[in-house]
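Visitor: Please show me how to read empty space and nonpolar packing in a model.

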Amino acid sequence: MGFELAIILEQGSKVIIQGMTGNFGSFHSAAMLAYGTNIVAGVTPGKGGTTVNNLPVYDDVLSAVREQGAEISGILVPAPFVRDAVLEALEAGIRKIVCLVEGVPVRDTILMKKKLMEAQALMIGPNSPGLISPGCGVVGFMPGHIYRPGPVGIVARSGTFSYLVADSLTQAGLGQSTALGIGGDPISGVNYETVLSMFEEDPQTEVIVLIGEIGRTSEEEAARFISEKLKKPVISIILGETAPPDKQMGHAGAIITAGRGDYDSKVRALRQAGIEVTSTLGGLVQAVKEHLQ
């Protein structure tokens with residue numbers, strides 16, 4: 001099987017980075033390029049005509065779309081400018097956006113989500129580590145050397161533990177189709193259900209790993225969706241079993257409020273939906289291996 005196709009980011013997908021001229025954007029876009037991502041341009045108002053990482057920079061997204069055929073935008077602008085960057089990308093016809101920025105105001109995310117729905121567009125994030133399709137490319141912060149092409153799809157709310165999962169799978173000889181973080185904020189541009197549907201339709205993905213954590217009710221909603229819509233096996237692990245109630249853990253979306261979103265409720269909902277929930281990384285890898293045998 002070839003690995004030219006994947007969900008969202010495929011081999012040769014034309015990517016732009018909004019905010020590529022800053023130190024942060026320059027550094028991370030260089031890492032994405034080194035992995036093989038087909039970044040075709042950067043966009044920074046007022047910096048048009050310059051180059052970064054030997055790529056052209058445009059003043060606006062529309063010019064990058066017209067001249068380079070851009071299809072996906074990675075957002076690396078400062079948080080106060082994310083809303084305008086996303087809306088500009090949508091107006092220019094971009095329908096796949098990866099927002100890697102944390103600290104985006106919630107009211108801005110609400111507006112962006114409304115515009116995304118109107119445009120029938122997809123945004124990973126905000127506050128996402130990005131996504132990687134091994135063998136195709138990465139738009140985000142994933143350490144590419146730990147990933148290998150294979151049949152396991154990974155979806156998480158945040159990033160760091162998903163790297164550990166991917167590394168453990170790779171060490172066990174189990175590669176990944178696509179791995180992504182939907183974002184750790186209270187509101188995300190895309191939910192578990194959308195990504196799970198993509199994995200269900202993706203011919204490369206045979207097993208799905210869902211990495212959840214305390215806070216919000218995303219995992220409970222995903223459990224209902226999986227039981228009703230998915231045929232592929234889903235293995236899950238939930239983080240935050242020992243976290244104190246009403247205390248924010250790590251990021252804005254990981255706080256238990258009003259008795260909702262705690263560890264037990266998520267595990268219970270997933271198991272009631274017939275989803276295997278593991279409590280250790282080793283157990284997760286073993287469960288995936290068994291489903292693939």
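Guide: We take the cavity, then the cores. This is a predicted model, where local features need pLDDT of at least 70, side-chain atom pairs count only at pLDDT 80 or more, and totals for chains, interfaces and linings use all residues. Residues are numbered from 1 along each chain as its sequence is written, and side-chain values use heavy atoms, with hydrogens and water left out.

Visitor: How many cavities of 30 Å³ or more are there?

Guide: Rolling a probe the size of a water molecule over the atoms shows where empty space is left. A cavity is a set of points, on a 1 Å grid over the protein atoms alone, where a 1.4 Å probe fits but cannot get out; lining residues have an atom within 4 Å of a point. Volume is the space filled by probe spheres set on the points, which are joined across faces, edges and corners. The count here is one cavity of 30 Å³ or more, and the largest holds about 30 Å³.

Visitor: Which residues line the largest cavity?

Guide: Among them are Arg157, Phe161, Ile211, Glu213 and Leu239. Helix H5 (160-171) gives the largest share of the lining, three residues. Helices (H or I, at least four residues) and strands (E, at least two) are DSSP runs, numbered from the N terminus.

Visitor: Which residues touch the most other members of the largest nonpolar core?

Guide: In soluble globular proteins, nonpolar side chains tend to be buried together. A nonpolar core is a set of buried Ala, Val, Leu, Ile, Met, Phe, Trp, Tyr and Cys residues joined through side-chain atoms within 4.5 Å; buried means under 20% relative accessible area (1.4 Å probe, protein chains only). Ile154, Val155, Leu180 and Leu196 do so, in a core of 66 residues. Strand E12 gives the most to this core, five residues.

Terms used: On a 1 Å grid over the protein atoms alone, a cavity is a set of points where a 1.4 Å probe fits but cannot get out, and a pocket is an open set with protein on both sides within 12 Å along at least five of seven lines; lining residues have an atom within 4 Å of a point. Buried means under 20% relative accessible area, exposed over 50%, partly exposed in between (1.4 Å probe, protein chains only).
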